[in-house]
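Work through the exercises below with the structure open. Try each task before reading its solution.

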Amino acid sequence: MQIVLTRFLWIVVLGAYVVSWLKAPEKAKRAARAGLMGLAKAAPVMLSIVVIIGLVMAFVPPEWITRYLGHDAGLWATAAAAIFGALTLIPCMVALPLAASIFREGASVATVAAFISTLTMVGVVTAPAEIKYMGKPLTIWRNVLSFLAAIVIAGVMAVVLR
Amino acid sequence: MKRIPKELRSIIMVAVLFVVVMPLAPAQGRVAGAASLEYLKEMALILPPVFFLIGLLEMWVPRSMVEKYLGRKSGIAGFVISALLGSVAVGPMYAAFPFARTLLDKGTSLFNVVVFLTMWAAGKIPTVMMEAKFMGVEFALLRLGLTVAASVVIAWVMQRLASPQVSAQPSAIEDRVSRNS
């Protein structure tokens, strides 16, 4: 799925460059140069994220979520799921089957919703990139508010889907 | 630390961390290496088109247009466009930040940028479809609805409290000096 979408993105961007080239070659050249420069500038922070993700995946493996949260349906499990989701960066292809499996094993709606919400909305490992582009204050605000929002979302879902 | 360029400091720090971890915990070190390689591959595929697209946007999309449709006075329409832009997006969260920066620089309001980021993070359509398969349609749609609501609240709070802190960051692709056009 991700591969198909990525290919689609490449094709769209290439197509856009062809159109741009036909309309104004000079502009297309400048756009490509700017893109290359942006890529070069992004490389250090993106590479450090890659290394951090590797370390997090090794020391806080995704299997923990099934091992520790599958049976417990209490509030602590929900809090742990929220924190776990905030700290890690698991692709949806892996995370959603994981979420479904802990749900089957007895985790509450709140726990699953908190996990999916913080996993997607809060990014501790991607914070270096967010700080680089958005600045520290905005990064901290967005992540803290998103964490709180994820908890509220989990609570509402637990009540509605009971 | 002064001599090392700021850009390179973080990567040197994590590289050192990695080198320290490897001998102390070889098993985890190997897992970490393999996981990093996976993510590196993903990044190598997704980041080039993202930045080349940003390059095109910088060249072709005039600031006045962005201001009109996504700026402070864009209203409900601006909100809807931002939410849709985020939810049809392809790619992981780290690819969203350079886009968000470009949107801000072109005159998008902080409110709309935060809506865009939140929807990119938690409201992507392909993800919601997959979620419906695994967790049920009811679960997925309810979470999507709540995410839209949350994006409004988060964006509103940030617009009120953090607006003065928007400016300080350099642009996603070029240096500030050359960007006044």
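**Exercise 1: Enclosed space**

Task: State how many cavities of 30 Å³ or more the structure holds, and give the volume of each.

Solution. The model is predicted. It contains 2 cavities of 30 Å³ or more. The largest cavity encloses about 40 Å³. The second largest encloses about 30 Å³.

**Exercise 2: The largest cavity**

Task: Which residues line the largest cavity, and which helix gives the most to its lining?

Solution. Start with the residues. From chain A come Cys92, Ala95, Leu96, Phe115, Ile116, Leu119 and Thr120. B:Thr127 also belongs to the lining.

Next, assign helices. In chain A, helix 5 (92–104) and helix 6 (109–121) each supply at least two lining residues. Helix 6 of chain A gives the most, with 4 residues.

Finally, sort by character. The lining has 6 nonpolar residues, 2 polar ones and no charged ones. A:Thr120 and B:Thr127 are the polar pair, since Thr is counted as polar.

**Exercise 3: The second largest cavity**

Task: Find the residues and helices that line the second largest cavity, then divide the lining by character.

Solution. List the residues chain by chain. Chain A provides Glu130, Met134, Leu138 and Arg142. Chain B provides Val114, Leu117 and Met158.

Then place them on helices. Helix 7 (127–134) and helix 8 (136–160) of chain A each supply at least two residues of this lining. Helix 6 (110–122) of chain B does so too.

Now count by character. There are 5 nonpolar residues, no polar ones and 2 charged ones. The charged ones are A:Glu130 and A:Arg142, because Glu and Arg count as charged.

**Exercise 4: The build of chain A**

Task: Describe the secondary structure of chain A, its dimensions, and its radius of gyration against that of a compact globule.

Solution. Begin with secondary structure. Chain A has 8 helices and 0 strands. Its pattern along the sequence is α-α-α-α-α-α-α-α.

Move to dimensions. Along the principal axes, the C-alpha atoms of chain A fill a box of roughly 60 × 30 × 30 Å. The radius of gyration of chain A is 20 Å, whereas a compact globule of 162 residues would have one near 15 Å.

**Exercise 5: Burial, contacts and surface**

Task: What share of chain A is buried, and what share of its exposed area comes from carbon and sulfur atoms?

Solution. Take burial: 51% of the 162 residues of chain A count as buried. The cut-off is under 20% relative accessible area.

Turn to contacts. Among those in chain A with a separation of 6 or more, 75% join residues 24 or more positions apart.

End with the surface. Chain A exposes about 7,500 Å². Carbon and sulfur atoms supply 76% of that area.

Notes. Residues are numbered from 1 along each chain as its sequence is written. Chains are lettered from A and ligands numbered from 1 in the order in which they are written. This is a predicted model: local features need pLDDT of at least 70, side-chain atom pairs count only at pLDDT 80 or more; totals for chains, interfaces and linings use all residues. Side-chain values use heavy atoms; hydrogens and water are left out. On a 1 Å grid over the protein atoms alone, a cavity is a set of points where a 1.4 Å probe fits but cannot get out, and a pocket is an open set with protein on both sides within 12 Å along at least five of seven lines; lining residues have an atom within 4 Å of a point. Grid points are joined across faces, edges and corners, and a volume is the space filled by probe spheres set on the points. The radius of gyration is taken over C-alpha atoms; the globule rule is 2.2 Å times the number of residues to the power 0.38. Buried means under 20% relative accessible area, exposed over 50%, partly exposed in between (1.4 Å probe, protein chains only). Contact means heavy atoms within 4.5 Å. Accessible areas come from the Shrake-Rupley method with a 1.4 Å probe; for residues, only the protein chains shown count as cover.
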